[in-house]
Amino acid sequence: MMGIKPDLLCWHVVFFLYFCLSLASDIATEIADYADVAKRIIDLAVFGAAQNRSYRRLADFTDTIGNRVSGSENLNMAIKYMYNAMTQDGLDVHLEPVKIPHWVRGKESAVMIVPRVKNLAILGLGSSVGTPPEGIEAEVLVVQSFEELKHRASEATGKIVVFNQPFVSYGETVAYRAYGASEAAKVGAVATLIRSITPFSINSPHTGWQDYQDGVKRIPTACITVEDAELMWRLSKRGQKIMIRVTMAAKTFPDADSFNTVAEIKGWQHPEQVVLLSGHLDSWDVGQGAMDDGGGAMISWEVLSLIKDLGLRPRRTLRTVLWTAEEQGGVGAQQYYNLHKVNISNFDLVMESDLGTFRPEALQFTGSDAARKVMEEVVKLLAPINMTKLETHGEGTDISPWMQAGVPGQFNPSCLGSPSVWRTR
């Protein structure tokens with residue numbers, strides 16, 4: 001996140017242009033007229049007083065607050081912190097109340113006891129139930145797919161199922177983390193350990209949310225490292241018996257009170273029309289939440305700051321929403337959608353940054369041919385930061401309700417790590 005951060009500039013330039021466009025017939029000429037404005041935004045962020053400001057804000061935020069898991073006091077502190085910081089920045093800020101899950105990890109451990117003693121690094125998955133206090137000790141069944149589990153269902157009863165699924169892509173492979181526990185429970189497993197959803201590991205387990213299926217027994221579930229999953233796969237292929245003891249003190253408490261944090265700059269011509277950009281404030285509990293998603297939150301704030309600092313006036317309202325409880329499945333965002341969908345026709349563009357903030361490579365876009373022509377002209381103004389490529393497709397947990405409701409179009413400033421999503425008419 002250090003340096004000039006051109007990924008921020010993608011947002012600043014493209015958003016301001018979208019706010020200001022009158023959508024005249026000669027769109028190419030109109031967009032070209034904003035070349036000076038785009039240069040002012042770039043110069044302020046790269047060379048001016050705002051240089052590295054978002055990084056400094058992120059460092060102070062994460063150093064002060066730390067992790068921000070849903071339902072925690074740290075998340076409450078983070079919301080108060082951002083409300084005060086954006087208010088002091090001169091923005092119009094308010095909080096919108098929501099109810100969110102409250103799951104606590106507790107102490108957890110796992111050890112392989114046969115064929116040899118080896119401690120296993122684990123991270124329990126969000127919403128997992130705990131084990132009895134003495135833990136669960138059982139033989140292991142290692143499989144590489146749901147299909148293999150079905151074929152070997154008769155072997156699974158009373159065992160701990162270890163999923164050693166190959167990593168294909170996050171979108172495809174994450175199904176094992178999300179549904180592995182319930183699929184294993186259907187065939188009589190007593191717990192699941194799931195290979196972390198990542199192509200790279202340094203003996204580092206990953207966490208994340210998982211979903212129990214209604215009507216299926218809830219069994220403890222955690223992620224293990226790629227290395228340990230591969231180890232147990234090799235042992236099982238040799239026909240060696242594997243025994244593991246898993247202990248997890250995870251608990252789920254009643255839903256907690258929380259807030260989505262909203263800041264905006266009113267449009268001067270069409271204040272009722274909203275262009276929404278966002279990141280989420282919550283994080284998991286085993287890091288600082290700097291990349292997931294402190295960076296996205298700071299970018300969303302910084303867009304408003306730069307436009308305010310330059311005295312620019314958008315035609316449409318520019319609204320930043322910092323979601324709560326995204327990691328639990330976009331809980332805060334879904335409640336925001338439920339509250340505001342009555343005005344869905346006024347939402348012209350929605351965006352989310354939640355896969356990292358890196359060097360930008362392209363803008364991802366899905367929409368009509370007419371909208372694509374607009375974006376083809378807009379990205380030309382990003383030439384100073386070498387970001388003029390226009391691609392297809394984009395996604396985002398928190399903005400998916402709007403997409404599913406038919407809000408047309410989609411923009412994505414695609415950086416290394418594919419971070420963000422933009423949508424437009």
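Which residues cover the two faces of strand E6, and are they buried or exposed? On one side sit Ile160 and Val162, on the other Val161 and Phe163, and all of them are buried. Strand E6 is a good place to start a tour of this predicted model, and we will come back to its neighbours shortly.

**The model as a whole**

The average pLDDT of the protein is 89, and 89% of the residues score at least 70. Two stretches call for care. Residues 1–6 stay under 50 in pLDDT, and the model gives them 17 contacts beyond four places in sequence. Residues 408–425 also have a pLDDT below 50, with 109 contacts in the model beyond near neighbours in sequence.

The protein contains 13 helices and 17 strands. Of its 425 residues, 57% are buried. Among contacts between residues at least 6 apart in sequence, 77% join residues at least 24 apart.

**The sheet around E6**

E6 belongs to an open sheet of 8 strands, which run in the order E3-E2-E9-E5-E6-E7-E8-E4 with mixed pairing. At the edges are strand E3 (118–120) and strand E4 (122–124), each of which pairs on one side only. From one strand to the next, the twist averages 30 degrees.

On one flank, strand E5 (residues 136–143) pairs with E6 (residues 160–163) in the parallel sense, over 4 bridges. On the other, E6 and E7 are again parallel, also over 4 bridges. Here are some of the residue pairs that link these strands:

| Residue | Opposite residue | Strand of the opposite residue |
|---|---|---|
| Val140 | Ile160 | E6 |
| Leu141 | Val161 | E6 |
| Val161 | Thr192 | E7 |

Val161 thus turns up twice: it is the bridge partner of Leu141, and it stands opposite Thr192 in E7.

Which helix packs on this sheet? Helix H8 (residues 170–186) does, touching E6, strand E7 (191–195) and strand E8 (221–224). The direction of H8 makes about 150 degrees with that of E7. Taken together, E6, H8 and E7 form a right-handed β-α-β unit.

**The nonpolar cores**

In soluble globular proteins, nonpolar side chains tend to be buried together. In this model, the largest nonpolar core has 53 residues, and those with the most contacts inside it are Met82, Met86, Leu91 and Leu281. Helix H10 (residues 290–309) provides the largest share of this core, with 7 residues.

What does Met82 touch, leaving aside neighbours within four places in sequence? Its contacts are Phe61, Leu281, Met298, Trp301 and Leu322. Leu281 therefore appears on both counts, as a contact of Met82 and as one of the residues with the most contacts inside the core. Apart from this core lies another, of 23 residues, among them Ala110, Met112, Trp233 and Met248.

**A closer look at Met375**

Our last stop is helix H12 (residues 369–378), which holds Met375. Is Met375 buried or exposed? Met375 has a relative accessible area of 2%, so this residue counts as buried, the cut-off being under 20%. Met375 and Leu363 are 12 residues apart in sequence, and their C-alpha atoms are 8.7 Å apart in space.

Definitions and conventions: Residues are numbered from 1 along each chain as its sequence is written. This is a predicted model: local features need pLDDT of at least 70, side-chain atom pairs count only at pLDDT 80 or more; totals for chains, interfaces and linings use all residues. Side-chain values use heavy atoms; hydrogens and water are left out. pLDDT is the predictor's confidence in each residue, from 0 to 100. Contact means heavy atoms within 4.5 Å. A nonpolar core is a set of buried Ala, Val, Leu, Ile, Met, Phe, Trp, Tyr and Cys residues joined through side-chain atoms within 4.5 Å. Buried means under 20% relative accessible area, exposed over 50%, partly exposed in between (1.4 Å probe, protein chains only). Two strands pair if DSSP finds at least two bridges between them. Axes are lines fitted to C-alpha atoms, for helices over the stretch in contact, and angles run from 0 to 180 degrees between N-to-C directions. A crossover is right-handed if, with the strands pointing away from the viewer, the path from the first strand over the helix to the second runs clockwise.
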